[in-house]
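Open your viewer, switch to a cartoon view, and keep the selection box handy. We will go from stop to stop, picking a few residues each time.

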Amino acid sequence: VDSQGNRNMALKSSLRQSSTKGSSSNGEGSVTQAPCKPYQVSVSFRFIFLTLLSSALLSFTVGRAVRVLLLEGPRGALLWPHLESSMRNRPDYHLGAGKSRRDLPLPQMMDGKEVPHTVYTSKNFDTAASATSSSVLVENTRSVADSKPEAKEESTCASEGGSCSRGKEPVEDDDDDEDDDDDDEEEHLPAGQHLLVDMKDVDGTFLNSEELLAQAMVDVVADSRLTLLSYHCHTLVPTGVSCVGVLLESHISFHTWPTEGVITLDLFTCGAAPLMPVLPVIERLFAIPRPPLFEGEEVPKPGVGWSHVLRGFRDAKAHGDTDALSSDDLGVDVLGYLFYDLKEEVASVQTPFQRIDIYNLIDSRSVKIADYQRSLSNDGSYQAQHPDLFAPNKVVFLDGVKQSTSKGDAGYHESLVHPCMFMHADPKRVAIIGGGEGATLREVLKHDTVEKCTMVEIDELMVTTSRQYLKEWSDCSDIVGSEEWCVDDPRADVRYEDAVAWFIDRFGEGVDEKEKKFDEDDYKPFDVIIMDALDPQVNIPFAEVLYKQPTFLQAVYDSLSEQGVIVMQLGDAPYISDPHDTIGRHENRAIITSHLLRMGFQSVHVYEEKHSDFDESWTYLVAMKDYTSRSLWYSNAAQIEVAIQNRIKHTHSGKSPLRFFDGATMMTYQTPHKAQEVVYCRNKPMPAGCDEATHGFSKSRPNVPISSFEVKTSQVGDHAGRGVFAKVDIPKGAHIGAEQSANSINVAPTTYDIIQTLAEEHDLADLDAVLEYLWGYGFDSNLYGETSVVVDSTILTFVNHGCNGTYNAATVTSTVTEMTTGVDEFDEAFFMNDPYNLVVARHLPHNQNSGDVALRDIKAGEEILNNYLDFTSSEKHWKADVLDLRNQCLGKGVGSITDYESGKPRTEAWRKDEGEKQD
């Protein structure tokens with residue numbers, strides 16, 4: 001800019017370059033250049049303004065072109081059908097076929113919440129099936145200041161929940177940062193809860209009103225404290241309405257059939273808060289009964305079926321973490337099952353130890369809801385006369401695991417209590433571990449021999465909850481001499497303590513006799529102990545202690561009397577395809593069985609009961625401290641019935657005090673199920689007796705029939721009498737007369753005892769002959785606990801003893817003979833005392849009557865000889881039997897049959913010995 005202020009731009013520059021013209025040189029020929037001057041550039045304000053303006057216009061043009069090409073172009077192509085649709089452009093889009101615009105309710109925001117930032121996208125299709133179509137979005141009608149709550153309200157559903165987005169609401173209190181982080185992680189889980197509700201017999205007018213239904217949907221969301229972002233409804237042709245609401249937490253939707261009076265609704269949320277409390281709200285707002293068609297009509301109450309399902313993917317639960325909603329029993333089989341005619345929550349109680357859920361259920365597969373409703377009437381129908389047969393099934397869950405039901409109460413508790421109670425001849429003191437429902441105590445108190453029953457239950461709230469909601473479980477009002485509530489019975493002693501600590505403190509190792517700190521009565525032994533605690537399959541720490549801690553189990557063993565019995569439930573029965581219990585979820589069952597055997601229980605049995613109202617047969621284990629108690633376990637049906645008649649208390653009503661258990665039922669428990677045996681034999685190493693030859697007639701062994709033998713004078717000695725000889729060659733290992741082995745004469749321990757008692761008291765020739773027959777031809781067996789006698793009914797009964805190990809046939813392969821065994825030391829090899837062998841238990845009749853097997857090749861004409869020591873299973877008879885066989889083999893004596901046939905019956909000497917013992 002020149003000094004005159006002109007605004008034109010001029011460029012002035014002067015460059016002086018070296019040239020011949022205008023240059024000077026010195027005498028040496030050098031050229032001298034003039035000094036350079038700086039140049040100057042002048043720019044006008046107009047140029048600067050226009051340059052900036054053109055740059056801005058160019059940038060805007062390029063940016064706009066890029067937006068159109070990359071963003072708006074594809075979006076326009078996507079929305080073009082919608083933008084051009086006739087539904088969008090028709091004037092009655094929101095008017096409902098010429099009617100005035102319907103007044104649909106707006107979504108409501110909860111106090112303290114702001115309308116979230118969301119992107120709304122919608123597309124409608126033109127269809128003749130839809131009479132109207134309406135979309136309503138949430139509106140932000142409050143300021144931010146107004147939206148801040150003064151106090152936090154309690155939520156029905158969503159206070160703990162979150163949205164399905166990954167956003168996080170602002171945090172005002174820094175002190176809650178850690179909790180908010182946890183909540184944020186919870187709401188980010190790809191999981192949710194789904195509530196499905198079906199309703200019938202609903203008012204058709206209500207179901208065909210888009211306005212009423214939309215209002216009900218908005219109210220459900222508001223009452224549940226969820227956030228409704230928008231909803232969309234169609235009124236269909238000719239009837240019916242479909243609506244879907246978009247929640248911040250997920251969605252709610254329904255469809256109606258007005259003519260049929262049916263609506264189906266589903267609600268899905270991503271929050272962690274319980275969703276089932278919304279169910280009464282849905283029922284109140286949607287289950288609207290229809291008006292009566294005529295005066296006096298009895299309008300049916302709308303029926304409601306629902307299911308609650310956990311959806312998505314959750315983190316694996318840590319050991320010991322229980323969740324009732326995700327459990328198989330409560331979460332899946334009950335809450336997740338839609339087709340119950342009645343599914344009513346009776347109570348849900350959280351105690352310091354567990355969650356208790358009680359439901360009333362009617363499953364249409366077993367009971368019709370119409371029959372139940374009729375049973376409540378007084379119309380004289382079969383249903384009304386027998387209302388208990390059609391009543392809902394009351395089901396108890398602990399931490400989501402089914403414990404017992406009203407339909408299976410008798411089947412479960414009677415099969416748990418009475419088998420073990422009748423295994424003791426006179427149970428006076430009984431202990432119950434657990435049993436908070438009171439039903440186990442109820443069954444124990446039915447025995448008039450019981451003087452005291454101590455129930456140790458850690459959860460007092462479980463007992464009081466049961467008294468309030470499960471009265472029939474602990475109702476002793478009909479038992480003569482008891483109380484209305486079983487806990488109030490004077491024989492009941494209920495302790496609200498940890499059973500593990502209770503037994504260890506009183507019967508554990510190291511309890512000093514001089515420093516006992518409890519009542520003296522606490523230290524008295526129990527005749528029967530009943531463990532009605534958690535299933536061994538339940539994966540929580542307390543179950544680990546109950547079934548795995550040797551210290552506790554040893555204290556329980558030490559708390560039993562000499563004839564003591566313990567019983568426990570072991571969960572669902574195994575399938576024949578299951579692995580051994582040591583593998584998988586039945587590990588605790590294998591562990592506790594092993595502990596019981598190691599501690600010294602002499603007889604252990606498992607049995608099943610299908611009528612406990614569980615999905616599978618239920619397994620129980622009973623263990624006896626004394627082997628002779630086994631004889632009571634194998635009592636026949638008549639003996640059990642007599643015991644029930646003599647011991648069980650009478651009722652005020654005159655009805656049987658036992659609804660399920662009887663003698664015939666008891667006999668079904670005596671033989672383990674086939675699956676129990678198969679799974680037992682899958683253990684490694686394989687238990688004794690699991691080979692085919694032991695627990696069944698082996699197909700690989702040939703059988704030599706009875707017709708291949710004959711009776712002749714024995715070659716054993718001059719006074720041996722009759723003997724049995726082979727008429728054909730018999731190979732080693734062959735069965736001998738297997739086809740007739742099942743026809744043996746079996747004298748049970750109680751029968752044998754009666755015969756001996758009568759013969760001892762009455763000197764009758766007939767009774768003496770019976771005893772002589774049993775002693776001479778029979779053999780002792782202790783498989784049933786006490787001495788029973790088995791007599792072969794074929795000619796094999798005349799088989800003689802092979803002296804000095806010369807026997808060639810036997811049921812067992814013992815190498816002990818009358819000459820090699822000790823007289824004063826009972827050989828345990830002959831005492832078949834296997835405390836826990838499911839093969840033996842399942843095949844007892846066969847094991848007792850299986851017949852002989854050839855121990856070597858036997859030639860035709862050779863005499864068949866046994867080892868008579870195999871027939872001695874009683875320790876008290878051992879010495880006499882060994883000496884008797886020695887004398888016979890040395891020619892110093894004869895057998896009892898020879899004595900009897902010679903006029904020297906042994907009953908006289910026996911009766912004399914018994915009399916001296918009594919004196």
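How many bridges join strand β12 (residues 340-350) to β13? Select both strands and you can trace 9 bridges between them, with the two strands running antiparallel. Please keep in mind throughout that this is a predicted model.

**Stop 1: strand β13 and its partners**

Colour residues 355-363, which make up β13. Is this strand mostly covered or mostly open? It is mostly covered, as 8 of its 9 residues are buried. Now follow the chain between β12 and β13: a hairpin of 4 residues makes the link.

Next, add residues 393-398, which form strand β14. β13 pairs with β14 over 6 bridges, again in the antiparallel sense. A good residue to click here is Ile 356 of β13. Towards β12, Ile 356 is the bridge partner of Val 349; in β14, the bridge partner of Ile 356 is Leu 398.

**Stop 2: the open sheet**

Move on to the strands numbered β16 to β22. Which order do they take across the sheet? Reading across, you pass β18, β17, β16, β19, β20, β22 and then β21, and these 7 strands form an open sheet with mixed pairing. Select 492-495 for β18 and 603-609 for β21 to see the edge strands, each of which pairs on one side only. On average, neighbouring strands of this sheet are turned by 15° against each other, ignoring direction.

Inside the sheet, pick β19 (residues 526-532) and β20 (residues 560-572): these two run parallel and are joined by 5 bridges. Show side chains for Met 531 and Met 568, and you will find Met 531 opposite Met 568 of β20.

**Stop 3: the helix across the sheet**

Now select residues 409-421, helix α11. Which strands does α11 lie across? The helix lies across β16 (429-434), β19, β20, β21 and β22 (618-624), and runs at about 155° to β19.

**Stop 4: two crossing helices**

Finish with α16 (residues 550-558) and α17 (residues 587-599), whose axes come within 10 Å and cross at roughly 50°. That angle is why α16 counts as oblique to α17. The crossing of α16 with α17 is right-handed.

Turn on side chains at the contact: Pro 550, Leu 553, Gln 554 and Tyr 557 of α16 meet Ile 592, His 595 and Met 599 of α17. Sorted by character, the residues of this contact are 5 nonpolar and 2 polar, with no charged ones.

Terms used
Residues are numbered from 1 along each chain as its sequence is written. This is a predicted model: local features need pLDDT of at least 70, side-chain atom pairs count only at pLDDT 80 or more; totals for chains, interfaces and linings use all residues. Side-chain values use heavy atoms; hydrogens and water are left out. Axes are lines fitted to C-alpha atoms, for helices over the stretch in contact, and angles run from 0 to 180 degrees between N-to-C directions. Angles under 35 degrees count as roughly parallel, over 145 as roughly antiparallel, 65 to 115 as roughly perpendicular and the rest as oblique. A crossing is left-handed if the near helix is turned anticlockwise from the far one by less than a right angle, and right-handed if clockwise. Contact means heavy atoms within 4.5 Å. Ala, Val, Leu, Ile, Met, Phe, Trp, Tyr, Cys and Pro count as nonpolar, Asp, Glu, Lys and Arg as charged, and the others, Gly among them, as polar. Buried means under 20% relative accessible area, exposed over 50%, partly exposed in between (1.4 Å probe, protein chains only). Two strands pair if DSSP finds at least two bridges between them.
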